[in-house]
Amino acid sequence: KRTVILISGRGSNMAALIDAAADPAFPAEIVGVISDQANALGLGIAASRGVATKVITRADHASKDAHDAAIDAALATFGAEIVALAGYMRLLTTEFVEKWQGRMINIHPALLPSFKGLDTHSRALDAGIRVHGCTVHFVTPAMDDGPIIAQAAVPVLIDDDEPTLSARVLRAEHRLYPLALKLFAEGKVRMDGRRSAFSGFAE
Ligand code: GRF
């Protein structure tokens with residue numbers, strides 16, 4: 001399945017997806033990366049791995065609708081069948097999300113439905129939870145609210161701070177996201193209303 005990744009920054013999850021998809025047996029092919037930030041570190045990483053990149057900034061467009069329409073047009077040019085958000089730090093318009101609903105996935109650095117939004121690791125530390133993690137989910141118009149595809153849990157250690165905890169979760173993200181994209185691209189999970197529906201697993 002032709003997959004385009006949307007990023008805004010570092011691109012480490014993007015790199016994990018590109019590396020997994022480099023295996024010819026992987027059911028998704030990363031055909032392009034779109035960034036809304038001209039200076040995103042991930043752009044250079046994608047280019048160095050031979051993936052086409054495109055910068056589409058909000059500032060270059062008159063409205064949020066026009067920005068997302070430009071992204072949609074670029075997705076069409078790439079022939080995208082799947083969109084994977086990987087640290088894309090901008091809320092997409094309802095119109096765009098509804099068009100791609102069921103074909104667009106995101107990774108969030110917390111065990112949803114806990115800790116939607118930003119600063120998940122500091123908030124997890126403040127809450128004193130002992131298990132934290134990450135979630136891959138279908139994107140719906142409400143932020144970090146779509147049907148869950150896969151989750152990975154990590155322990156919160158007693159001497160953790162934000163850097164140590166976020167690094168542990170990030171390592172889990174880099175394993176989880178390729179796994180979830182694989183399940184989706186090979187048709188073993190689909191969006192079914194408020195839940196994900198799974199099929200095709202051996203007993
Ligand atoms: C990740 O923690 C991801 O879960 C969140 O934003 C961060 C992006 O990091 N949505 P990277 O750009 O993939 O390195």
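**How many residues lie between β8 and β9 in their hairpin, and which residue in the turn has a positive phi?** This close-up comes from a predicted model, and in it 2 residues separate the two strands of the hairpin, while the turn residue with the positive phi, of about 65°, is G193. Strand β8 covers residues 189-192, strand β9 covers residues 195-198, and the two run antiparallel, joined by 4 bridges. One of the facing pairs brings D192 opposite R195 in β9. The side chains along β8 alternate, with V189 and M191 pointing to one face, where they are buried, and R190 and D192 pointing to the other, where they are not.

**The whole protein, shown to place the close-ups.** The protein contains 6 helices and 9 strands, and its C-alpha atoms fill a box of roughly 50 × 45 × 35 Å along the principal axes. A compact globule of 203 residues would have a radius of gyration near 17 Å, and the 16 Å found for this protein agrees with that expectation. Of the 203 residues, 39% are buried. When contacts between residues at least 6 apart in sequence are considered, 68% of them join residues at least 24 apart. The mean pLDDT is 98, and 100% of the residues reach 70 or more; for the complex, the predictor gives an ipTM of 0.98 and a pTM of 0.98.

**The open sheet of 7 strands.** Read across the sheet, the strands follow the order β3-β2-β1-β4-β5-β6-β7, and their pairing is mixed. The edges are formed by β3 (53-55) and β7 (148-155), each of which pairs on one side only. From one strand to the next, the twist averages 20°. As background for this view, strands of a sheet pair through backbone hydrogen bonds, and they may do so in a parallel or an antiparallel manner.

**Strand β2 between its two partners.** Strand β2, made of residues 29-35, pairs with β3 in the parallel sense over 3 bridges, and β2 also pairs with β1 in the parallel sense, this time over 6 bridges. Residue I34 can be followed in both directions, since I34 stands opposite K54 in β3 and is also the bridge partner of L6. Because 6 of the 7 residues of β2 are buried, this strand is largely enclosed by the rest of the structure. Helix α3 (residues 64-78) lies across β1 (2-7), β2, β3 and β4 (82-85), and this helix runs at about 155° to β2.

**Helix α1 and the elements that surround it.** Helix α1, which spans residues 12-21, is mostly covered, with 7 of its 10 residues buried. These buried residues are N13, M14, A15, A16, L17, I18 and A21. They pack against the strands β1, β2, β4 and β5 (104-108), and also against the helices α2 (41-48) and α6 (162-185).

**The surroundings of A86.** Residue A86 lies in the loop between β4 and α4, and A86 counts as buried because it has 25 C-beta neighbours inside 10 Å, where 20 or more are needed. If neighbours within four places in sequence are left aside, A86 is in contact with I5, L6, I7, G11, N13, M14, L17 and I107. A62 is 24 residues away from A86 along the chain, and the C-alpha atoms of these two residues are separated by 25 Å.

**Positions listed in the UniProt record.** Under "binding site", an unreviewed UniProt entry lists K64, M89, R90, L91, L92 and N106. Among them, K64 is found in helix α3, whereas L91 has its place in the loop between β4 and α4 (94-100). K64 counts as partly exposed because it has 15 C-beta neighbours inside 10 Å, and L91 is also partly exposed, with 13 other C-beta atoms within 10 Å. The unreviewed UniProt entry also places the feature "domain: Formyl transferase N-terminal" at residues 1-181. In the model, this span is 38% helix and 23% strand, and the C-alpha atoms at its two ends lie 10 Å apart.

Key: Residues are numbered from 1 along each chain as its sequence is written. This is a predicted model: local features need pLDDT of at least 70, side-chain atom pairs count only at pLDDT 80 or more; totals for chains, interfaces and linings use all residues. Two strands pair if DSSP finds at least two bridges between them. Axes are lines fitted to C-alpha atoms, for helices over the stretch in contact, and angles run from 0 to 180 degrees between N-to-C directions. Two residues are in contact if their C-beta atoms, placed from the backbone, lie within 7 Å. pLDDT is the predictor's confidence in each residue, from 0 to 100. UniProt positions are given in the numbering used here, feature names are shortened, and annotations may be inferred rather than shown by experiment. A residue is buried if 20 or more other C-beta atoms lie within 10 Å of its own, exposed if 12 or fewer, and partly exposed in between; C-beta atoms are placed from the backbone. The radius of gyration is taken over C-alpha atoms; the globule rule is 2.2 Å times the number of residues to the power 0.38.
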